[in-house]
Amino acid sequence: ATQGDMIGVFVIDDHALVRSGLRQLIDLEEDMQVVGEGQGTAETVEAVRAAQPDVAVIDLEMPGIRGADMID
């Protein structure tokens, strides 16, 4: 998902503003890179699998799906 020593991060939250803020914070870190983001839908689960991030930042309470249920 990332190159070299970069830490690939996938951001999952049902609020676009929260995702945007987290992306901005992560982008400030030299060794971290956002490799994807999603709203917590079934499509998000597939996108995470495809991106193979090192870390996922997941909102635990989202409409329709709990963040804890997304963790394999």
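**Arg 19 and its charged surroundings**

Setting aside the neighbours within four places in sequence, Arg 19 is in contact, meaning heavy atoms within 4.5 Å, with Val 11, Asp 13, Asp 14, Glu 37, Gly 38 and Gln 39. Before going further I should say that this is a predicted model, in which local features need pLDDT of at least 70 and side-chain atom pairs count only at pLDDT 80 or more, while totals for chains, interfaces and linings use all residues. Residues are numbered from 1 along each chain as its sequence is written, and side-chain values use heavy atoms, with hydrogens and water left out.

Let me place this residue first. Arg 19 sits in helix 1, where helices (H or I, at least four residues) and strands (E, at least two) are DSSP runs, numbered from the N terminus. With a relative accessible area of 8%, Arg 19 is buried, and I use buried for under 20% relative accessible area, exposed for over 50%, and partly exposed for what lies in between, with a 1.4 Å probe and protein chains only.

Which residue meets the side chain of Arg 19 in a salt bridge? The partner is Glu 37, at 3.3 Å from N to O, a salt bridge being a side-chain nitrogen of Lys or Arg within 4 Å of a carboxyl oxygen of Asp or Glu. This pair links distant parts of the chain, since Glu 37 belongs to strand 2, residues 32-38, and Arg 19 to helix 1, with their positions 18 residues apart in sequence. Unlike the buried arginine, Glu 37 is partly exposed, at 34% relative accessibility.

Glu 37 also forms a salt bridge with Arg 23, at 3.0 Å from N to O. Because Arg 23 lies in helix 1 and Glu 37 in strand 2, this pair ties together parts that are 14 residues apart in sequence. Arg 23 has a relative accessible area of 29% and is therefore partly exposed. Taken together, Arg 19, Arg 23 and Glu 37 are linked in a network of salt bridges.

The structure holds 3 salt bridges, and one of them lies within helix 2: Arg 49 pairs with Glu 46, the closest N and O atoms being 3.1 Å apart. Both residues are in helix 2, residues 42-51, and they are 3 residues apart, about one turn of the helix. Arg 49 is partly exposed at 47%, and Glu 46 is likewise partly exposed, at 48% relative accessibility.

Now to the strands around the network. Strand 1 and strand 2 run parallel and are joined by 6 bridges, where two strands pair if DSSP finds at least two bridges between them. Between these strands the chain passes through helix 1, and the resulting β-α-β crossover is right-handed, which means that, with the strands pointing away from the viewer, the path from the first strand over the helix to the second runs clockwise. Within this pairing, Val 11 stands opposite Glu 37 in strand 2.

Finally, consider Asp 13, which is located in the loop between strand 1 (7-12) and helix 1 (16-27). Asp 13 is buried yet has no salt bridge, and Arg 19, the nearest side chain of opposite charge, is 5.6 Å away; here Lys and Arg count as positive and Asp and Glu as negative, with His and the chain ends not counted. The side chain of Asp 13 instead reaches the backbone nitrogen of His 15, at 2.8 Å. Leaving aside neighbours within four places in sequence, the contacts of Asp 13 include Val 18, Arg 19, Asp 59 and Met 62.

Terms used. A polar contact is a pair of N or O atoms within 3.5 Å; within protein, one must be able to donate a hydrogen and the other to accept it, and residues adjacent in sequence count only if both atoms are side-chain atoms.
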